[in-house]
Amino acid sequence: GKFKVIRKGGANHISTLYKVEMPWPLFFSTSGLAVHYSHEFARLPNSGSHGCVGTRDMATQKWLWNHSPIGTPVIVFDKAPI
């Protein structure tokens, strides 16, 4: 789907639904979906998300956060494009 960054959380953001740390999230839906880092994503290679887009590297997530102002397009694929 095609979305846009609609808000950004900070370094200490906690998911209100799952009560887990989500540092530097980039929210792209009003239902709370975001591009975000998770310690679980980094620790467990096959871990999944509950609809969010997970990154496995904190430095990469912070870079994305720093370079993605509100309104930045977010394109979500079911699978990586070929």
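The following paragraphs describe the fold, the core and selected loop residues of a predicted protein model.

The protein comprises 2 helices and 6 strands. Read from the N terminus, these elements follow the order β-β-β-β-α-β-α-β. Of the 82 residues in the protein, 28% are buried. The accessible surface amounts to about 5700 Å², and carbon and sulfur atoms account for 60% of this area. When contacts between residues at least 6 apart in sequence are considered, 39% of them connect residues at least 24 apart.

The mean pLDDT of the protein is 86, with 82% of residues at 70 or more. Confidence varies among the elements: the highest mean, 98, is found in strand E2 (residues 7-8), and the lowest, 65, in helix H1 (residues 39-43). The placement of helix H1 is accordingly described here no further than its residue range and its mean pLDDT of 65.

In soluble globular proteins, nonpolar side chains tend to be buried together. In the present model, the largest nonpolar core consists of 7 residues, namely Val5, Trp24, Leu26, Phe28, Val35, Trp65 and Val74. Phenylalanine 28, one of the members of this core, has contacts that reach well beyond its sequence neighbours. With neighbours within four places in sequence set aside, phenylalanine 28 is in contact with Phe3, Lys4, Ile6, Leu33, Ala34, Val35, Val53, Val74 and Val76. Two of these partners, Val35 and Val74, are listed in the core as well.

The loop between E2 and E3 contains several residues of interest, including tyrosine 18, lysine 19 and tryptophan 24. Strand E3, which follows this loop, spans residues 26-27. Lysine 19 adopts a positive phi of about 55° although it is not a glycine. Tryptophan 24, likewise not a glycine, also has a positive phi of about 55°. The surroundings of these two residues contrast: lysine 19 is exposed, with a relative accessible area of 61%, whereas tryptophan 24 is buried, at 14% relative accessibility. Because its relative accessibility of 14% lies under the 20% limit for burial, tryptophan 24 meets the burial requirement for a core residue, and it is indeed listed in the largest nonpolar core.

Tyrosine 18 is partly exposed, its relative accessible area being 41%. Together with Leu17 and Val20, Tyr18 makes a nonpolar surface patch of about 310 Å². The loop between E2 and E3 thus holds both tyrosine 18, a partly exposed residue, and tryptophan 24, a buried one.

Two pairs of residues separated in sequence were also examined. Asparagine 66 lies in helix H2 (residues 58-66) and is partly exposed, at 47% relative accessibility. The C-alpha atoms of asparagine 66 and tryptophan 24 are 8.9 Å apart, while the two residues are 42 places apart in sequence. This pair relates a residue of helix H2 to one in the loop between E2 and E3.

The second pair involves serine 29, which is located in the loop between E3 and strand E4 (34-37). Serine 29 is buried, with a relative accessible area of 13%. A C-alpha separation of 8.9 Å is found between serine 29 and arginine 7, which are 22 residues apart along the chain.

Technical notes
Residues are numbered from 1 along each chain as its sequence is written. This is a predicted model: local features need pLDDT of at least 70, side-chain atom pairs count only at pLDDT 80 or more; totals for chains, interfaces and linings use all residues. Side-chain values use heavy atoms; hydrogens and water are left out. Helices (H or I, at least four residues) and strands (E, at least two) are DSSP runs, numbered from the N terminus. Buried means under 20% relative accessible area, exposed over 50%, partly exposed in between (1.4 Å probe, protein chains only). Contact means heavy atoms within 4.5 Å. Accessible areas come from the Shrake-Rupley method with a 1.4 Å probe; for residues, only the protein chains shown count as cover. pLDDT is the predictor's confidence in each residue, from 0 to 100. A nonpolar core is a set of buried Ala, Val, Leu, Ile, Met, Phe, Trp, Tyr and Cys residues joined through side-chain atoms within 4.5 Å. Patches are made of residues with over 30% relative accessible area and no salt bridge: like charges are joined within 9 Å, nonpolar side chains (Val, Leu, Ile, Met, Phe, Trp, Tyr) within 5 Å. A salt bridge is a side-chain nitrogen of Lys or Arg within 4 Å of a carboxyl oxygen of Asp or Glu.
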